[in-house]
Amino acid sequence: MQTLKTWKKSELVWLVSSIIMILTSSLYDKTSILELFTGLVGVIYVIMIAKGYNSSNLVGIGYVSIYGIVAWQAKFYGDMLMNIV
C-alpha cells in the first residue's frame, strides 16, 4: 500500500501490534469470524482517522454497519443504534 510508505516505524509497530492483540484475544475468546473482522476493521478505521486519511470515512461506514450486526446479535440494541445513527 502506497500510504504505508509514509508511516514512521513506530506507527507501523502500533498497527501490527494492535492487529496481533485482536487476533490473539479473538482466538482466546473463540469469537466468530464476523466479530474478529469487526474488531480488525474498527482498529484500522481508528488508526486511519488518527492519521488523517480522507478514505477513512468509507472504512467507517463499513465498520459501523458491520458493528451494528454484531451488536444486534449480542442484543446490545442501544449500542447498535448509537453506532448506526
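The chain runs α-α-α-α from the N terminus on. This is a predicted model. The chain holds 4 helices and 0 strands. Its C-alpha atoms fill a box of roughly 40 × 30 × 15 Å along the principal axes.

**Whole chain**

- The chain has 85 residues, and 26% of them count as buried.
- The exposed area is about 6,200 Å². Carbon and sulfur atoms supply 70% of that area.
- Take the contacts with a separation of 6 or more: residues 24 or more positions apart account for 41% of them.
- The chain carries 6 positive and 4 negative charges. The mean positions of the two groups are 12 Å apart.

**Nonpolar core**

- In soluble globular proteins, nonpolar side chains tend to be buried together.
- Here the largest nonpolar core has 5 residues: Val 41, Tyr 63, Tyr 67, Ala 71 and Met 80.
- Helix α3, residues 56-73, gives the most to this core, with 3 residues.
- Tyr 63 is one of the core residues. Leaving aside residues up to four places away in sequence, Tyr 63 touches Thr 38, Val 41, Gly 42 and Tyr 45.
- Val 41 thus appears twice: as a member of the core and among the residues that Tyr 63 touches.

**Helix α1: two buried polar residues**

- Helix α1 spans residues 9-29 and includes Ser 18. Glu 11 lies in helix α1 as well.
- Ser 18 counts as buried because its relative accessibility is 12%, under the 20% cut-off.
- A polar atom of the Ser 18 side chain lies 2.8 Å from the backbone oxygen of Trp 14.
- Glu 11 also counts as buried, because its relative accessibility is 17%. The same 20% cut-off applies.
- The Glu 11 side chain has two polar partners to inspect. One is the backbone nitrogen of Lys 8, reached at 3.0 Å. Another is the side chain of Lys 51, in a polar contact at 2.8 Å.

**Loop between α1 and α2**

- Lys 30 sits in the loop between α1 and α2.
- Lys 30 has a positive phi of about 55°, although it is not a glycine.
- Lys 30 counts as exposed because its relative accessibility is 73%, and the cut-off for exposed is over 50%.
- Ser 32 lies in the loop between α1 and α2 too.
- Ser 32 has a relative accessible area of 33%, so it is partly exposed. That value falls between the 20% and 50% cut-offs.
- Ser 32 and Tyr 77 are 45 residues apart along the chain. Their C-alpha atoms are separated by 19 Å.

**Helix α4**

- Gly 78 has its place in helix α4, residues 77-84.
- Gly 78 counts as exposed because its relative accessibility is 52%, and exposed means over 50%.
- Gly 78 and Tyr 67 are 11 residues apart in sequence. From C-alpha to C-alpha, they are 12 Å apart in space.
- Tyr 67 belongs to the largest nonpolar core, whereas Gly 78 is exposed.

**Points to check in the viewer**

- For the core, start at Tyr 63 and its contacts, which include Thr 38 and Tyr 45.
- For polar contacts in helix α1, look at Glu 11 with Lys 51, then at Ser 18 with the backbone oxygen of Trp 14.
- For backbone geometry, look at Lys 30 and its positive phi.

Definitions and conventions
Residues are numbered from 1 along each chain as its sequence is written. This is a predicted model: local features need pLDDT of at least 70, side-chain atom pairs count only at pLDDT 80 or more; totals for chains, interfaces and linings use all residues. Side-chain values use heavy atoms; hydrogens and water are left out. Buried means under 20% relative accessible area, exposed over 50%, partly exposed in between (1.4 Å probe, protein chains only). Contact means heavy atoms within 4.5 Å. Accessible areas come from the Shrake-Rupley method with a 1.4 Å probe; for residues, only the protein chains shown count as cover. Lys and Arg count as positive and Asp and Glu as negative; His and the chain ends are not counted. The place of a charge is taken as NZ of Lys, CZ of Arg, CG of Asp or CD of Glu. A polar contact is a pair of N or O atoms within 3.5 Å; within protein, one must be able to donate a hydrogen and the other to accept it, and residues adjacent in sequence count only if both atoms are side-chain atoms. A nonpolar core is a set of buried Ala, Val, Leu, Ile, Met, Phe, Trp, Tyr and Cys residues joined through side-chain atoms within 4.5 Å.
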